[in-house]
Amino acid sequence: MFSRVVMLVDLDYFFAQCEEVKDPSIRDKPVVVCHHTGRSENSGVACTTNYIAREYGVKSGTTITKARKLLRHKNAIFLESDYTLYRRVSKSVKRLLEKFADHFEPFGVDEAYLDVTKKVQGSFKKAKILGQRIKDEVKEKEKLSCSIGIGPNKLIAKIASEQEKPNGLTVVKPCEVESFLFPLPIKRLFGVGRRTEKKLFSLGVMKIGHLAKYDLEKLKSIFGNKPGAYLHNASWGIDNSPVEQVEIIKSVGNSYTLKTNTRDLEVILEKASELCEKVHKRLLKKNFLYRTVGISVSTRRMGFITRAKTVKNASNNLELFKKTVKELFEKIMDEFESEVRRVGVRLSNLVKEKKKQKQLIQFLEVLPRIKSS
Ligand code: TTP
Ligand code: MG
């Protein structure tokens, strides 16, 4: 069994870099992308800035008033944010990154975790080559630079991605985790904010290495059991959380306009059955179970009508889906007399199938203990 290989890809100064791509003439000037609150010309904060502006101390969260002061006479460019552009670029880059991953987890607007263990057969050398290829393709597609961290888990990959920003590519092999982490300041650990940092400083803990050597029981008594254990594990570079897509999809569905308007149930059901098969494939691909089956019909006189039925247990069974769709169509056709122009089927109330498996694994894990007691 080889180690997991996880990558974190983070676009550099994302909003500001998008603006530089839009207008390359601003590239060698300080660029501040602003979020105006609207009260006055200068009310609001910087969403982000390019690295030239950062040299003058202007970064995300700096007020526009302060930024203007710090950048006076510096030929700085202040721009209003163009969210439509950033959304489009974010989607396009994520679509590209997803191709390279065994498991993919988008994280925020400009970051994503990629589990590439199988793709690189556990080799960190191959992962570095893959990382460079990803950087080249992102550059080619959207003209953006990004920073990539590669490590044996998400925690290390994230910290590594911040190591050589901008345009970085940092690899931390499992045998290098401790020598990489221990000299870093504790605020580099995910979850260590200003308050935790202050508390740790007061205990004489400045570097991640100090934290690793700090007594676990004492950490638990100061921060609480879970946070204490997290800090301890994180300082040793331990993180077993999987790279997984947390998708918020509420439903999957499809519809079709019939060749000619009809009330012929057989024709309608034949089309509905085809739609069920397509929708069912998408459900399986996304690893979901459905709880609710829905149908829709469009008619000239009644407009768009929907009906739905919730099944007893979450399922991914195609026959149950088709059977329920048939019942719903039979019922709806009894309710009115107009001809149908368009039919649709939909599955909603979706739950991730994995959850079920996880519960099963947890159950199996406790089973031997129950048996032996
Ligand atoms: P980040 O990745 O945190 O920052 P960044 O991409 O601008 O810079 P870096 O090179 O350090 O990665 O955030 C991504 C985008 O999210 C950023 O370009 C703008 C937006 N953002 C805000 O709107 N407000 C904020 O406070 C932060 C931190 C980011
Ligand atoms: Mg970024």
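Me: Let's start with cysteine 47: in which strand is it found?
Reply: Keep in mind that we're looking at a predicted model. Cysteine 47 belongs to the strand that covers residues 44–49, and that's S3.

Me: Is cysteine 47 buried, partly exposed or exposed?
Reply: Its neighbours, leaving aside residues up to four places away in sequence, are Phe15, Val33, Cys34, His35, Ser60, Ser81 and Tyr83. Buried would need under 20% relative accessible area, and exposed over 50%. Cysteine 47 has 22% relative accessibility, so it counts as partly exposed.

Me: How many Å separate the C-alpha atoms of cysteine 47 and histidine 73?
Reply: Histidine 73 sits in the loop between helix H3 (64–70) and strand S4 (77–80). Along the chain, cysteine 47 and histidine 73 are 26 residues apart. Between their C-alpha atoms the separation is 21 Å.

Me: And is histidine 73 buried or exposed?
Reply: Histidine 73 isn't a glycine, yet its phi is positive, about 65°. Its relative accessible area is 78%. The cut-off for exposed is over 50%, so histidine 73 counts as exposed.

Me: Which asparagine in the loop between H3 and S4 has a positive phi of about 60°?
Reply: Look in the loop between H3 and S4 for a residue that isn't a glycine but still has that positive phi. This residue is exposed, with a relative accessible area of 56%. The one you're after is asparagine 75.

Me: Over to the magnesium ion (ligand 2): which residues coordinate it?
Reply: Going along the chain, the donors follow the spacing D-L-x98-D. Two parts of the chain that lie far apart get linked here, with leucine 11 in strand S1 (residues 6–11) and aspartate 110 in the loop between strand S5 (103–107) and strand S6 (111–115), 99 residues apart. Leucine 11 and aspartate 110 are both buried. At 2.1 to 2.2 Å, the coordinating residues are Asp10 (OD), Leu11 (O) and Asp110 (OD).

Me: What arrangement do the six donor atoms around the magnesium ion (ligand 2) make?
Reply: Ideal angles for six octahedral donors are 90 or 180 degrees. Around this ion the angles run from 83 to 173°. That range makes the arrangement octahedral.

Me: How far is an oxygen atom of ligand 1 from an N or O atom in the side chain of threonine 48?
Reply: There are 15 residues around ligand 1, and Tyr13, Thr48, Tyr51, Arg54 and Asp110 come nearest. A backbone N or O atom of leucine 11 lies 3.2 Å from an oxygen atom of ligand 1, and for the side chain of aspartate 110 the figure is 2.9 Å. For the side chain of threonine 48, the distance is 2.5 Å.

Me: Which serine does the side chain of aspartate 12 make a polar contact with?
Reply: Aspartate 12 is in the loop between S1 and helix H1 (14–22), and it's buried, with a relative accessible area of 0%. It touches several residues beyond four places away in sequence, including Gln17, Ser145, Ser147, Lys165 and Pro166. The side-chain polar contact, at 2.7 Å, is with serine 145.

Me: What is omega for the peptide bond that joins lysine 165 and proline 166?
Reply: Proline 166 has its place in the loop between helix H6 (154–161) and strand S8 (169–171). The bond that joins lysine 165 to proline 166 is a cis peptide bond, and its omega is about -10°.

Me: How far does helix H12 reach from its first C-alpha to its last?
Reply: H12 runs over residues 265–285, which gives 21 residues. At 1.5 Å a residue, the expected span is 30 Å. The helix comes close to that, reaching 30 Å.

Me: Which residue caps the N-terminal end of H12?
Reply: The clue is a side-chain oxygen that lies 2.9 Å from the backbone nitrogen of glutamate 266. At the other side, H12 is followed by asparagine 287, with a positive phi near 65°. The capping residue is aspartate 264.

Me: Which glycine takes a positive phi just after helix H11?
Reply: Helix H11 covers residues 225–235, and Gly228, Leu231, His232, Ala234 and Ser235 are buried in it. Those buried residues pack against elements including H6 and helix H7 (177–181). Just after H11, a phi of about 75° belongs to glycine 237.

Note on methods
Residues are numbered from 1 along each chain as its sequence is written. Chains are lettered from A and ligands numbered from 1 in the order in which they are written. This is a predicted model: local features need pLDDT of at least 70, side-chain atom pairs count only at pLDDT 80 or more; totals for chains, interfaces and linings use all residues. Side-chain values use heavy atoms; hydrogens and water are left out. Donors are N, O and S atoms within 2.8 Å of the metal (3.2 Å for Na, K and Ca); water is not among the atoms, so sites may look incomplete. Four donors count as tetrahedral if all angles lie between 85 and 135 degrees; four count as square planar and six as octahedral if opposite donors are over 155 degrees apart and all others between 65 and 115; anything else is irregular. Helices (H or I, at least four residues) and strands (E, at least two) are DSSP runs, numbered from the N terminus. Buried means under 20% relative accessible area, exposed over 50%, partly exposed in between (1.4 Å probe, protein chains only). The expected span of a helix is 1.5 Å times one less than its number of residues. A polar contact is a pair of N or O atoms within 3.5 Å; within protein, one must be able to donate a hydrogen and the other to accept it, and residues adjacent in sequence count only if both atoms are side-chain atoms. A residue is near a molecule or strand if one of its heavy atoms lies within 4 Å of it. Contact means heavy atoms within 4.5 Å.
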